[in-house]
Amino acid sequence: MVMTTSKLAGYYDAPEGVDVRGRYDEEFAKILTRDALEFVAGLQRQFRRQIRHAMESRREAQRRYDAGGLPGFDPATRFIRESDWVCAPVPPPIANRMVEITGPVERKMVINALNSGAKVFMADFEDALSPNWENLMKGQVNLRDAVNGTISFEDRERKRVYKLNETTAKLFVRPRGWHLKEGHILIDGEPAVGCLVDFGLFFFHNCAAYRANQGQGFGPFFYLPKMEHSREARIWNNVFNRAEESASIPAGSIRATVLIETLPAAFQMNEILYELRSHSAGLNCGRWDYIFSYVKTLRAHPDRLLPDRVSVGMWQSMMRSYSHLLIFTCHRRGVHALGGMAAQIPIRGDPAAHAKAIEAVRSDKLREVRAGHDGTWAAHPGLIGEIGTVFEEGLAGRENLIGVMRREDAAGIGEEDLLERPRGRRTIEGLRLNTRVGIQYMAAWLTGTGSVPLYNLMEDAATAEISRVQNWQWIRYKALLDAERVELALTPELFARVVEEEMGRIEREVGMEKFRRGMFKEACSIFVRQCMAAELDDFLTLDAYNQIVIHHSREGSSL
């Protein structure tokens, strides 16, 4: 249910057809100017039919998969895959992307990430952010100040002021996916498209300063999430064309890296790059969401049950094939191939566990650079040095491996390689971990936090989604789970018992007072309902979104 309050202390100067129902704030009003809202509304009005068609095409494809079909390479676009073409040359300021750090658009995080020593900071409006009104608008304020070089943060508890260093990471911005709406802004009576709000407001306010301060005449730079088909990339390319024209900057100034984090997109890498070829900044292995998408896409295939999610690593054949095909495709087309996330965080007070975690990170990143990845992701500033050393050695003085590691051996990777069933055990402990992590993440998300440290890993929405869909899959098909030398069929009754026990464990771990003040019970209700649903919902956060939408009305009016 969308919550509504009766009055605003002030209201935004919105153009005709635009209704801003988020809380009024003078600082937010500097972002939500009449001209900026007009720009966002223009994007929505021009592209909403294409977006609706793309979303319906997703649903149509899923119906085919649910009827027994499998994703595959499109015969109609074979000419794109087989012909010789390259994307626009890599802009010099982002030629070296060996270590990238990601995180939400919170003020202190933005400063720390830009100062971290990474080559790139991906500021996230998507999986690492709970998209309530305050987070979204403060995020826009924070990025504006970061681009202008004026951002600072006073930590009164630590008696410390945070400011930008002289040299900082290059800023990339990740807007939300096409499927997410912005319930606080209505355009012509319907919710705005979330990614057009995120992109439009950032571009409108920061284009000129970004190109001068960050992009050396290029940019702005973006990351694009959750795409499933090249038609969705085509819409983004047209959005970029429209934005460049409106700002009177050269065509091809905007660059974007696409996350290949859905199973259908793995069969569309060439086509996605082709649609964005004048705006492309390569592809990234979004491996956690990719595992989530594997389950979601093949939800009607009982022969595709995944093992415990901790067993679905890059050593699995289907994950390795996906990574190698991405490298081959990107380098053939002249753009970066970025590796996946290192979600580990420093473990204080346990040197042995910390050393083990760092060695796992080092091993993973060594595998990536040896395979031909040009760079990789980290979730915590404490990992930047270790990862940087691995990639510096692997790059051997080069800025990237484009033109060096062509990976022609991956040219023969086929549909069966990308769809190969993962191997491993399904266990009651895997079910417990999914349940515990899913509930705790959802509780944090409902209270405004989208990036959550849990069990020595930095978790975002992707982990909660894996946990949810894997539980759903196992329950749906009564998977046999290993439980201390016996096998148990996962029934609704067994799941209910596990939920009760894990809620007790969560309360013990976080403490009674925090548990009482938090939204753990509400999160549990949402998570369990999703795991037990007759039909698998596309996204966990779509179900929960209305609980964080709060509408405010203008003085004297009612909603």
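In the predicted model, arginine 367 counts as partly exposed, with a relative accessibility of 26%, and its side chain forms a salt bridge with glutamate 368, the closest N and O atoms lying 3.7 Å apart. Glutamate 368, by contrast, counts as buried because its relative accessibility of 1% falls under the 20% cut-off. A pairing of an exposed with a buried residue is found between aspartate 409 and arginine 407, whose closest N and O atoms are 2.8 Å apart; aspartate 409 is exposed at 58% relative accessibility, whereas arginine 407 is buried at 13%.

The structure holds 55 salt bridges, among them one between the side chains of arginine 81 and glutamate 271, with an N to O distance of 2.8 Å. This pair links distant parts of the chain, since arginine 81 belongs to helix H3 (residues 78-82) and glutamate 271 to helix H9, 190 residues apart. Both partners count as buried, arginine 81 at 14% relative accessibility and glutamate 271 at 1%. A network of salt bridges links Asp124, Glu126, Asp127, Arg174, Lys226, Glu261 and Asp289.

Helix H9 also appears in the surroundings of helix H7, where the cover over the buried residues includes helices H2 (34-66), H6 (194-213) and H9 (269-275), together with strands E10 (221-224) and E11 (255-260). Helix H7 comprises the 18 residues 230-247 and reaches 26 Å from its first C-alpha to its last, close to the 26 Å expected at 1.5 Å a residue. Its buried residues include Ile235, Trp236, Val239, Phe240 and Ala243, as well as the charged-type residues Glu232 and Glu244. Just after helix H7, serine 248 adopts a positive phi of about 55°.

Key. Residues numbered from 1 in each chain as written. Predicted model: local features only at pLDDT ≥ 70, side-chain atom pairs only at ≥ 80, totals over all residues. Heavy atoms only, no water. Helix = DSSP H or I, 4+ residues; strand = E, 2+ residues; numbered from the N terminus. Expected span 1.5 Å × (residues − 1). Buried < 20%, exposed > 50% of the residue type's maximum accessible area, 1.4 Å probe, protein only. Contact = heavy atoms within 4.5 Å. Salt bridge = Lys/Arg side-chain N within 4 Å of Asp/Glu carboxyl O.
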